[in-house]
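I opened this entry to look up the sheet and the pocket, and to follow one strand through both.

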Amino acid sequence: VMKIKKTGKMIILLNTHMYWNADGYDLDGKAYDKSDLRYIAGANLARIDNVRELFEVLDEIKSTPEYADLPVVLGGDLNSRYIDETRNSVITLHGGRIALRELEKNGMMSAQLTVPVADVHTAYTGYPKYDSYYGYYYEYGNPKKDKQNTTIDHIFYMGSDLDVHVFDVIETTFARKTSDHLPIYVDVSVK
């Protein structure tokens with residue numbers, strides 16, 4: 001729970017990295033190729049468990065009376081993607097929309113799909129290459145432009161006291177050096 005110094009208003013901020021594969025979630029105890037639908041189904045079950053666990057944590061936070069009605073912002077690598085604004089999807093290892101729909105069923109909204117201003121590219125870049133002899137990175141990953149709804153990095157929010165104005169991806173050389181994902185952010189105001 002964060003308190004905004006200027007206004008004294010509070011907000012719940014959550015960050016997560018949802019499970020990306022099916023290891024430990026095999027449907028019948030067998031190992032499957034990652035392109036097999038049974039493996040993909042296990043990965044989706046893992047992310048559904050992640051959403052359930054997330055809401056258990058949120059319920060625990062909101063059980064404190066002064067936090068019960070606070071707005072919530074959730075961000076992270078959810079390893080799930082929308083394919084288009086109509087929320088249609090294909091089944092992929094990154095789960096289509098299953099975890100995202102679970103968040104929506106629990107009252108959360110996608111900042112990227114609902115804000116007036118949204119950057120239009122994915123934050124996932126892939127890892128830069130590293131030259132161990134010279135000790136430097138090169139060929140930094142490049143985010144894919146015009147792939148807004150294929151991103152696996154998301155910010156969701158909920159609460160009538162929250163206005164979300166901007167969703168953006170911070171694209172710098174330093175950011176590309178430090179991770180296979182670029183930072184994402186939202187500009188919000190609490191009423």
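Before reading the pocket entry I fixed my terms: a pocket is an open set of grid points with protein on both sides within 12 Å along at least five of seven lines, and lining residues have an atom within 4 Å of a point. I also noted that this is a predicted model.

Pocket. I looked up the largest pocket and found about 260 Å³ of space in it, with a lining of 16 residues, of which N15, G75, G76, I155 and I184 lie nearest the centre. The elements that each give two or more residues to this lining are β2 (10-17), β3 (72-77), β8 and β10 (184-190), and the largest share, 4 residues, belongs to β3. By class, I read the lining as 9 nonpolar, 5 polar and 2 charged residues.

Sheet. I then traced the open sheet, in which 5 strands with mixed pairing run in the order β1-β2-β3-β8-β4; the edge strands are β1 (2-3) and β4 (109-110), each of which pairs on one side only.

Strand β8. Which strands pair with β8 in the antiparallel sense? I found β3, over 6 bridges, and β4, over 2 bridges. I noted F156 of β8 twice, as the bridge partner of L74 and as the residue that stands opposite S110.

Faces of β8. In a regular strand the side chains alternate between the two faces of the sheet. For β8 I recorded D153, I155 and Y157 pointing one way and H154, F156 and M158 the other way, and I found 6 of its 6 residues buried.

Conventions:
Residues numbered from 1 in each chain as written. Predicted model: local features only at pLDDT ≥ 70, side-chain atom pairs only at ≥ 80, totals over all residues. Heavy atoms only, no water. Pairing = 2+ DSSP bridges. 1 Å grid on protein atoms, 1.4 Å probe; cavity = no way out; pocket = protein on both sides within 12 Å on 5 of 7 lines; lining within 4 Å. Points joined across faces, edges and corners; volume = space filled by probe spheres on them. Nonpolar A, V, L, I, M, F, W, Y, C, P; charged D, E, K, R; others polar. Buried < 20%, exposed > 50% of the residue type's maximum accessible area, 1.4 Å probe, protein only.
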